[in-house]
Amino acid sequence: MAVVGESDLRPGRSSRWRPSSLRSEPVVGLLFILPTVAFVVLIVFYPIVETALMSFSKVNSLAQREGFAGVANYRELFSDTVFLRILAQTVGWTVAVVGITTVVAIPVALALNFNFRGRRLARALLIVPWAASLMINAIIWRWILDGQYSIINGTLMKLHLIDQPIIWLGSEQTAWAAIILVGILVSIPFTSFSLLAGLQSVPSELYEAALVDGAGFWTSFWHITLPLIRPVLVVTTLLNVIYVFNSFPIPWVLTQGAPAYHTDILVTYLYKRAFTEGQFGPAAAMAMLTFLLLLAFSLGFSHVTRERTGVNAK
Amino acid sequence: MKHRERGLSWWLLVAFLVIVLGISIFPFVFALSTALRPRSELFRFPPTWLPETWAWKNFVDVWTAVPLLRYIGNSVVISGLATLFNMACAIPAGYALARLRFPGKRLFRQALLVTQMFSPVVLVIGLFRLMSRVHLVDTSASLIITYAALSLAFSVWFLAGYFESIPMEIEEAAMMDGCTRVGALVRVVLPMSKPALVAALVFAFIWGWNEFMIALTFISTPDKRTLPLGIYAFLGQYSVDWNYLMAAALIAGGPVLILFLLIEKHLVKGLTAGAVK
């Protein structure tokens, strides 16, 4: 890349760069981005190309390609009923976590935007689950829900809400509920803070004007706040979908997909196929599908929201 | 909304906030209550909310019960070096995006956005192949390189956004006085960007400190485990000492919480910056 730039240097000039002169800006620019480009090509683009190639190849258990296999890996995936079920589970998990998180985070952000004593403390407390990694959140919840003697069982029995202990992570329904609950709790902080930033950018004159016009809190929420924070809401939802869809540690630490793949999501199933079962071909195909799914979603999402915003502007 | 009188909706929303905070904080409070119990109080029925005997000693003993210091050391070295590489690349690249004209700038911007679309799980198979090809599987180096690269797009964006907000006249004045581009960056722009540099640094460090899945894939030697991996391995033992495990988890999370509180203001702005553009 530097070669292209060098031809820009006039011959006869001192070989020392004069970065301050406009002529050499492209050289400096390219040199400045070169380390980043090298890193990204090596660690992001090369692996994705390798994965794409693997998805069309016969791959041995050491992840080495052994010749072209056409679409065999993809065909295997789509005839795998477990995969199809997990695909549906993943969509369900993502929609449930992102949906409920957003519904909870909006009032939380509204409250955090109020003036009250202890507001700083409230914000600091809300950050805690976000600062602790997904893995640590998941480990703590595994202990809370652990076996028969968990604090949850003890408390529920003391309150006579249940007669006997429930093995929360042992059956499909309760394990799902637990995984989704943890997913929501770790997503609330980012979502609330992001929406709060949006709320803070709404000029307070608008509310004062609405107040003069006799609008109540909820009226001004629906007609002023919500439309104004919509761009933030859209970006936050998009990021949340990507985070939640890819959230590996929560199901991995809580259940590892048990019982029998019933609490797996795509990324944990992909990981198991590759690194536990040594099935790198189908796993690579799954990785490509995951990527395409997220890409299609992001493009579609931004397209739809852009159109809507356009209609509103008229 | 700040000058509003405290009506019913105010109370409802604040009450809701308190409930959500309670549920969010509960696991950490209970983790602390578990970390402070003697082993004999772990599996009692009915379970208690507070320990009967407060075993403060657990926070001392955990360091010998688990090779916590080694895991922390590994994590500090790996995240620290990754952060260093990350910043060394992100500062010039962010500056180039903010200030310089060069061919392929648009492409570079878009390529960075695309890297955010590849989640680590999508990349991990290809990364594993790459690392086995260059014989770096089960080394700290594999994690350092990967962490530096995967947190790079964010740092570049974040810094570019901040550099753009600095008035260009100051650099121009410095360059009139004979400073080179690099000189202007180092002597003028960077000192003015300290808050942003700290935020980017902290963010890159936390990224590596918390990362779990790639470490799980690459590292197999127990001595090379990072902190999240070490804590996770503890979970796999036949009989888990939950009191020590909870203590270790809190020790791992503590520093991050402090760092998060330090950069709270930048956090959200930075996270959504890339997606807005």
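Into which domains is chain A divided? Chain A consists of domain 1 (2-55) and domain 2 (80-313), with bounds that come from an automatic or database domain assignment. The model is predicted, and local features need pLDDT of at least 70, side-chain atom pairs count only at pLDDT 80 or more, and totals for chains, interfaces and linings use all residues. Residues are numbered from 1 along each chain as its sequence is written, chains are lettered from A in the order in which they are written, and side-chain values use heavy atoms, without hydrogens and water.

Between the two domains, the contact (heavy atoms within 4.5 Å) takes five residues from domain 1 of chain A and five residues from domain 2 of chain A. Together these domains bury about 420 Å², 89% of it on carbon and sulfur atoms; buried area is the accessible area (1.4 Å probe) that two parts lose on being put together, summed over both. The count of salt bridges between domain 1 and domain 2 of chain A is zero, where a salt bridge is a side-chain nitrogen of Lys or Arg within 4 Å of a carboxyl oxygen of Asp or Glu.

The interface between the chains comes next. Here the contact takes 100 residues from chain B and 107 residues from chain A. Chain B and chain A bury about 9600 Å² between them, of which 81% lies on carbon and sulfur atoms. Across this interface the rule finds one salt bridge: B:Arg133 pairs with A:Glu50 in a salt bridge, with the closest N and O atoms 3.6 Å apart.
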